[in-house]
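Hi,

Here is the structure I said I would pass on. Have a look at it first, and my notes follow below.

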Amino acid sequence: PKVNYVPPPPPEDEDSIFSHYETGINFAKYDEILVEVSGANPPTAVLTFDEAGLCDTLSRNVSRSGYVKPTPVQKYGIPIIMSGRDLMACAQTGSGKTAAFLLPILQKMMADGVAASRFSEVQEPEAIIVAPTRELINQIYLEARKFAYGTCVRPVVVYGGISTGYSIREVLKGCNVLCGTPGRLLDIIGRGKVGLSKVRYLVLDEADRMLDMGFEPAMRRLVASPGMPPKEDRQTLMFSATYPDEIQRLAAEFLKTDYLFLVVGQVGGACTDVEQYVEQVTQFEKREKLVEILQTTGNERTMVFVDTKRKADFIATFLCQEKIPTTSIHGDREQREREQALGDFRTGKCPVLVATSVAARGLDIEHVQHVVNFDLPSSIDEYVHRIGRTGRCGNTGKAVSFFDPNYDTPLARSLVKVLSDAQQEVPSWLEEIAFSACGTYGYNPRGNVFASVDTRKASFAKEVARPTTINEPNVEEDWE
Ligand SMILES: Nc1ncnc2c1ncn2[C@@H]1O[C@H](COP(=O)(O)OP(=O)(O)OP(=O)(O)O)[C@@H](O)[C@H]1O
């Protein structure tokens with residue numbers, strides 16, 4: 001059906017634009033994270049934002065955002081992008097990737113003397129940013145708007161689930177940085193509203209997720225769209241939390257051959273700021289256990305992950321009946337409802353959000369202290385992303401997962417590995433299950449790969465050729 005939803009405009013006052021949350025006690029510990037850059041002649045990392053060479057307006061916006069010190073992905077990523085190199089980056093959840101690519105792109109656009117974009121029937125943006133989910137791209141857009149505040153650069157966001165006419169009108173008002181989900185972006189380009197010949201920067205965020213969600217053809221169509229400059233004439237940046245073979249192939253195709261490969265922390269590893277607990281709970285005990293947990297967490301924000309859309313609604317209703325204010329987000333809810341749900345969760349009106357994986361990646365919500373995996377996901381990467389909704393930006397968090405041996409045994413080995421790599425206690429019963437499940441589906445050999453897995457290093461050629469667990473797209477979800 002035709003979608004008429006027009007989202008409310010984001011607040012325009014400076015306090016809202018620059019509202020941010022505090023970095024946590026472990027922010028300083030980011031400096032201890034192992035960082036590796038591979039590829040020829042990488043530029044030197046910066047230690048401070050002052051060294052990053054940002055113009056006054058951008059520097060002011062950075063400080064107004066509460067950023068005092070760059071995170072590792074920013075220390076390395078900013079000079080790489082400033083120097084014009086293509087980049088493939090893998091960094092742990094919540095470590096500040098968004099600013100790592102937005103700041104240097106905005107700085108370069110300003111240095112290139114980008115002209116203020118005005119109303120025109122065809123817009124020609126200088127930068128295109130693609131992310132897999134509506135909520136994530138909106139978040140990136142808000143960050144872009146914040147950093148570009150007071151400059152002539154105009155970011156615009158387009159995504160599925162809202163009125164196409166509205167998206168087009170917003171684009172036509174003027175657009176330097178176009179942020180979008182793949183389908184809506186291609187739609188608007190296909191209608192001739194966006195010309196690509198001025199594109200200098202192309203960012204593919206959460207590239208692994210885009211593959212999982214079946215967006216590979218869309219990404220290919222985008223880079224091959226009429227007018228899109230060839231890779232030699234644009235700067236392409238890819239971000240991915242994991243680095244399976246398919247992403248390496250895409251990186252080889254979309255990026256210049258001398259691209260730099262940046263790894264921050266362990267690829268696919270969980271953030272050590274999240275305390276992880278796994279409890280053995282059967283299907284029938286789960287609801288009772290959940291209520292028990294939520295009664296102890298009080299008003300603290302908690303995300304509860306379940307495996308189906310129906311279950312998300314069911315559990316949310318059940319919790320409301322138990323007098324625990326709860327909302328839900330999943331692919332069957334209308335965009336209006338999804339935005340309302342996130343709003344209610346953000347403000348604390350509903351401190352519990354029941355979600356399917358649609359909310360797992362990239363969402364950056366302040367004060368999420370707990371994640372409960374009511375149902376464990378089938379892939380370990382999904383697990384790492386889900387628990388990464390807490391423990392962000394040096395804050396600590398807690399994740400509790402209900403493990404039902406009848407369903408979750410295939411995940412046991414990779415779960416043990418993720419727990420021990422993040423120095424978490426591994427329950428002995430889980431170790432036993434993992435041990436006896438040896439060799440079954442779900443053991444993720446990629447879990448052994450640490451940091452430097454650059455395909456271009458000959459010594460790693462064999463490593464890369466090993467089979468990896470590919471996440472099945474969740475066919476139940478309608479993403480775009
Ligand atoms: N240098 C910094 N100082 C203080 N806060 C920062 C800094 N860099 C980023 N942040 C804040 O940290 C939070 C997480 O950043 P961001 O969303 O970019 O993480 P991410 O790496 O994209 O995470 P994910 O992989 O989960 O999407 C944001 O609220 C962001 O504003």
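**Two sheets and some helix pairs**

Let's start with the sheet of 8 strands: it is open, its pairing is mixed, and the order runs β1-β8-β2-β7-β6-β3-β5-β4. The edges are taken by β1 (35–38) and β4 (155–158), each of which has a single partner strand, so one side of each is left without a neighbour in the sheet. On average, and ignoring direction, neighbouring strands here are turned by 15 degrees against each other. Inside this sheet, strand β2 (residues 87–91) pairs with strand β7 (residues 235–239) in the parallel sense, over 3 bridges. If you want a spot to click on, take L87, whose bridge partner in β7 is L237.

Before you go further, please keep in mind that this is a predicted model. The protein chain has an average pLDDT of 87, and 89% of the residues score at least 70. There are weak stretches, though. Residues 439–452 have a pLDDT below 50, and in the model that stretch makes 32 contacts beyond near neighbours in sequence. Residues 458–480 also fall below 50, with 42 contacts beyond near neighbours in sequence. Where pLDDT is low, the predicted coordinates should not be read in detail. As for the overall scores, ipTM is 0.95 and pTM is 0.85.

Now for the other open sheet. It has 6 strands in the order β9-β14-β13-β10-β12-β11, and the pairing is parallel. Which strands stand at its edges? They are β9 (274–280) and β11 (326–329); each has a single partner strand, so one side of each lacks a neighbour in the sheet. From one strand to the next the twist averages 20 degrees.

At the β11 end, the pairing with strand β12 (residues 352–355) is parallel and runs over 4 bridges. There you will find T326 opposite V352 in β12. Two helices also belong to this part of the picture. Helix α12 (residues 309–321) lies across β10 (301–305), β11 and β12, and runs at about 170 degrees to β11. Helix α13 (residues 335–347) packs on the sheet as well, touching β10, β11 and β12, with its direction at about 140 degrees to that of β11.

On to the helix pairs. Helix α4 (residues 97–111) and helix α5 (residues 134–147) have axes that come within 10 Å and cross at roughly 45 degrees. That makes α4 and α5 oblique to each other, and their crossing is right-handed. On the α4 side the contact involves T98, A99, L102, L103 and L106, which meet I140, E143, A144 and F147 in α5. By type, the residues of this contact split into 7 nonpolar, 1 polar and 1 charged.

The other pair is helix α16 (residues 412–421) with helix α17 (residues 428–436). Their axes come within 8 Å and cross at roughly 130 degrees, so α16 and α17 are oblique to each other. Is the crossing left-handed or right-handed? It is left-handed as α16 passes α17. A412, R413, L415 and V416 of α16 make the contact with L430, E431, I433 and A434 of α17. Those residues of α16 and α17 divide into 6 nonpolar, no polar and 2 charged.

That's what I have for now. Shout if anything looks odd on your screen.

Cheers

Methods. Residues numbered from 1 in each chain as written. Predicted model: local features only at pLDDT ≥ 70, side-chain atom pairs only at ≥ 80, totals over all residues. pLDDT = per-residue confidence, 0-100. Contact = placed C-beta atoms within 7 Å. Pairing = 2+ DSSP bridges. Axes fitted to C-alpha atoms, helices over the stretch in contact; angles between N-to-C directions. Parallel < 35°, antiparallel > 145°, perpendicular 65-115°, else oblique. Left-handed = near helix turned anticlockwise from the far one by under 90°. Nonpolar A, V, L, I, M, F, W, Y, C, P; charged D, E, K, R; others polar.
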